Amino acid sequence: MSTIRKLVKGLGKRYIINSILSPIVMIGEVLMEVVIPFIMAKIIDVGIAQKDLPFVAKYGALMIGLALVSLTFGMLGTRFSTVAAQGFACTLRQRLFRKIQTFSFANIDRFSTASLVTRLTTDVNMAQNVYRMLIHMCVRTPFMLLAGTIMAFKINSKLAVLFLISIPVIVISILTISTIAHPRFKKMMKKIDVLNGAIQENLIGIRIVKAYVRGTYEEEKFRKAADGVRAAQVNAEKCIIFMMPIMQFVMYLSMIAVVWFGGKLVIGGFMLSGELISFFTYVTQVLSSIMFLGMVFVSLVMVQASNQRIVEVLDEVPEIKNPKNPVMQVCDGSVSFNNVDFSYAKRDDNCILKNINLEIKSGEVVGIIGSTGSSKSSLVALLPRLYDVLNGSVKIGGVDVRDYDITVLRDSVAMVLQKNVLFSGTIRDNLRWGNENATDQQIFAACKAADADSFINSFPEGYDTMLGQGGVNVSGGQKQRLCIARALLKNPKILILDDSTSAVDTATEGRIRGALKELAPQTTKIIIAQRISSVKDADKIIVLDEGSVSGIGNHEELLKSNKIYREVYESQQQGSGDADLAGGED
């Protein structure tokens with residue numbers, strides 16, 4: 001029940017009303033369906049037996065009227081249940097999506113992207129279908145079972161016992177099959193995650209696939225993933241396919257017994273033919289209700305795995321939360337790392353940043369250099385609280401980042417990441433991610449500082465040029481410059497450029513650095529780079545080595561005092577260069 005409450009939480013008033021109305025009107029349909037066989041028996045045993053045509057016409061018209069009322073109730077019940085189920089799915093997806101938006105990077109790391117997509121689509125679809133079935137059948141079917149049984153016993157109690165014997169057989173079969181099927185459906189959903197992951201990875205990296213002529217390899221990988229889903233589905237559903245034959249066998253066996261013994265009663269004069277026909281109808285209604293209940297139960301077993309996966313997301317506790325009384329203003333861009341240790345696994349024996357102590361003044365330009373795996377990106381990810389430190393503290397403006405309101409903090413720290421992401425929409429729309437209220441003059445100034453205005457204006461539609469998903473219709477360097485402009489529009493206290501000019505030439509990079517200094521002189525700028533030339537003119541350069549600070553100073557000081565920095569500089573001067581350093585990816 002707790003799972004059900006979690007799933008239906010937040011359901012709108014309109015959908016709750018529809019969820020209630022659906023089973024109520026289905027009761028009306030059941031009443032009509034139960035009364036119709038009784039009237040039919042009267043028509044046969046009285047009207048036809050006595051050749052009373054007015055009686056037949058009167059009760060025949062009544063029977064048709066009841067059938068029309070039953071049809072109306074059925075249509076209303078279907079409409080109410082459909083609206084309610086659609087609203088349930090819509091509300092649930094919105095809740096899941098909102099919850100994902102609250103996740104820290106650590107929370108997201110626990111779920112793959114493909115798995116989250118499956119949970120928002122396939123799992124919710126399955127929950128929606130079962131929800132509709134429940135509100136449509138949860139009252140109708142038991143009520144039909146009860147009413148049909150009562151009417152059958154009213155006609156002939158001894159004959160009614162025959163079909164009641166079949167109920168335990170059906171119930172035991174349902175329970176046995178369901179116990180076997182549940183773990184198999186859980187495994188099937190994991191296989192669907194793998195399939196979605198293969199599709200997503202291939203579509204995102206389609207250019208790389210074509211460049212390396214790996215289409216055949218990707219086709220084989222997809223075939224294996226699809227075969228895995230097929231095998232898991234067959235393994236799960238081959239249990240379920242036995243359900244219907246078993247129930248039908250028991251149902252038809254009961255009907256044969258009713259016809260056999262009921263026929264003898266009619267021949268012996270202990271039962272009227274109309275009563276036998278109506279009794280047979282009631283038996284069919286009762287056994288069909290049992291079959292429907294079996295189908296509902298099987299559906300509940302099938303959806304249980306999906307429900308658990310949905311609830312896992314809803315129950316996930318965001319690791320990074322607002323403090324009780326958050327600080328609502330960042331006064332400046334000064335940064336302080338005090339004895340900072342950090343571990344993705346949250347273990348002291350697995351720290352990737354160890355005993356970091358740094359002081360950065362507001363408005364300084366700071367470069368960060370280090371080899372692949374030196375945790376440069378992890379270091380700057382601590383500033384906007386994408387992750388929290390394991391030990392020590394990180395302060396901005398003299399205040400621990402954990403004491404700030406998260407929105408205020410992240411609005412004060414702009415990051416241009418290694419993997420630049422643009423969204424479907426116009427260039428102007430993408431730029432306004434930095435400031436949705438930015439004026440055209442502010443947008444133009446930011447793009448000029450990022451050296452992006454010239455190529456934007458070269459497009460026929462300029463700033464209204466539509467970008468494909470991920471910005472596929474602009475080059476890597478153009479994408480980087482757009483992302484820098486977007487970050488500048490935030491007017492941040494701290495600007496982090498994580499190898500964000502790697503795809504532009506050194507002349508363009510130089511113009512961007514100069515413009516940034518002019519446009520945002522009070523903004524602290526932290527530049528992660530693989531080229532010494534990118535950080536050479538910085539006020540301070542930090543050299544990281546295996547998660548520890550190897551050296552701090554300006555270019556001239558580090559050339560004299562730091563062996564790592566000097567070796568990198570000399571190798572790049574000789575032209576062997578940028579390969580010695582990776583651009584900040586951990």
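**Exercise 1. The second largest pocket**

What volume does the second largest pocket have? Then work out which parts of the chain line this pocket.

*Solution.* Note that this is a predicted model.

Step 1. Start with the volume. The second largest pocket has about 430 Å³.

Step 2. Look at the lining. It holds 18 residues. Nearest the pocket centre lie Ile 4, Val 130, Leu 134, Leu 300 and Asn 307.

Step 3. Assign the lining to elements. Helix 1 (2-8), helix 5 (113-137) and helix 12 each give two or more residues to the lining of the second largest pocket. Helix 12 gives the most, with six residues.

Step 4. Sort the lining by residue type. For the second largest pocket, 15 lining residues are nonpolar and three are polar. No charged residue is in this lining.

**Exercise 2. A serine in helix 12**

Find Ser 306 and decide: is this residue buried or exposed?

*Solution.* Step 1. Locate the residue. Ser 306 belongs to helix 12, which covers residues 273-315.

Step 2. Read the accessibility. Ser 306 has 0% relative accessibility. Buried means under 20%. Ser 306 is therefore buried.

Step 3. List the contacts. Skip neighbours within four places in sequence. Ser 306 is then in contact with Asp 123, Met 126 and Met 189.

**Exercise 3. A serine in helix 3**

Repeat the analysis for Ser 70. Which residues does Ser 70 contact, apart from neighbours within four places in sequence?

*Solution.* Step 1. Ser 70 sits in helix 3, residues 53-101.

Step 2. Its relative accessible area is 6%, so Ser 70 is buried.

Step 3. With neighbours within four places in sequence set aside, the contacts of Ser 70 are Glu 29, Met 32 and Glu 33.

Step 4. Check a distance to Leu 31. Ser 70 and Leu 31 are 39 residues apart along the chain. Their C-alpha atoms are separated by 8.2 Å.

**Exercise 4. A glutamine in helix 5**

Place Gln 128 and name what it touches.

*Solution.* Step 1. Gln 128 is part of helix 5.

Step 2. The relative accessible area of Gln 128 is 12%, so this residue is buried.

Step 3. Leave out residues up to four places away in sequence. Gln 128 then touches Ala 85, Gln 86, Phe 88 and Ala 89.

**Exercise 5. Two helices that pack**

How are helix 16 and helix 19 oriented to each other?

*Solution.* Step 1. Identify the pair. Helix 16 spans residues 440-449, and helix 19 spans residues 506-519.

Step 2. Take the geometry. The packing angle of helix 16 and helix 19 is about 140 degrees, and their axes are 8 Å apart.

Step 3. Classify the angle. Only angles over 145 degrees count as roughly antiparallel. Helix 16 and helix 19 are therefore oblique to each other.

Step 4. Name the contact residues. Helix 16 brings Ala 445, Ala 446 and Ala 449. Helix 19 brings Ile 512, Ala 515 and Leu 519.

Step 5. Sort them. The contact of helix 16 with helix 19 has six nonpolar residues, no polar and no charged.

**Exercise 6. Positive phi in two loops**

Find the loops that hold Lys 51 and Glu 546. Give phi for Lys 51 and for Glu 546.

*Solution.* Step 1. Lys 51 lies in the loop between helix 2 (13-48) and helix 3. Its phi is positive, about 55 degrees, although Lys 51 is not a glycine.

Step 2. Lys 51 has 75% relative accessibility, so it counts as exposed.

Step 3. Glu 546 is in the loop between strand 11 (540-545) and strand 12 (548-553). Phi of Glu 546 is positive too, near 50 degrees, and this residue is not a glycine.

Step 4. The relative accessible area of Glu 546 is 61%, so Glu 546 is exposed.

Notes: Residues are numbered from 1 along each chain as its sequence is written. This is a predicted model: local features need pLDDT of at least 70, side-chain atom pairs count only at pLDDT 80 or more; totals for chains, interfaces and linings use all residues. Side-chain values use heavy atoms; hydrogens and water are left out. Helices (H or I, at least four residues) and strands (E, at least two) are DSSP runs, numbered from the N terminus. Buried means under 20% relative accessible area, exposed over 50%, partly exposed in between (1.4 Å probe, protein chains only). Contact means heavy atoms within 4.5 Å. On a 1 Å grid over the protein atoms alone, a cavity is a set of points where a 1.4 Å probe fits but cannot get out, and a pocket is an open set with protein on both sides within 12 Å along at least five of seven lines; lining residues have an atom within 4 Å of a point. Grid points are joined across faces, edges and corners, and a volume is the space filled by probe spheres set on the points. Ala, Val, Leu, Ile, Met, Phe, Trp, Tyr, Cys and Pro count as nonpolar, Asp, Glu, Lys and Arg as charged, and the others, Gly among them, as polar. Axes are lines fitted to C-alpha atoms, for helices over the stretch in contact, and angles run from 0 to 180 degrees between N-to-C directions. Angles under 35 degrees count as roughly parallel, over 145 as roughly antiparallel, 65 to 115 as roughly perpendicular and the rest as oblique.
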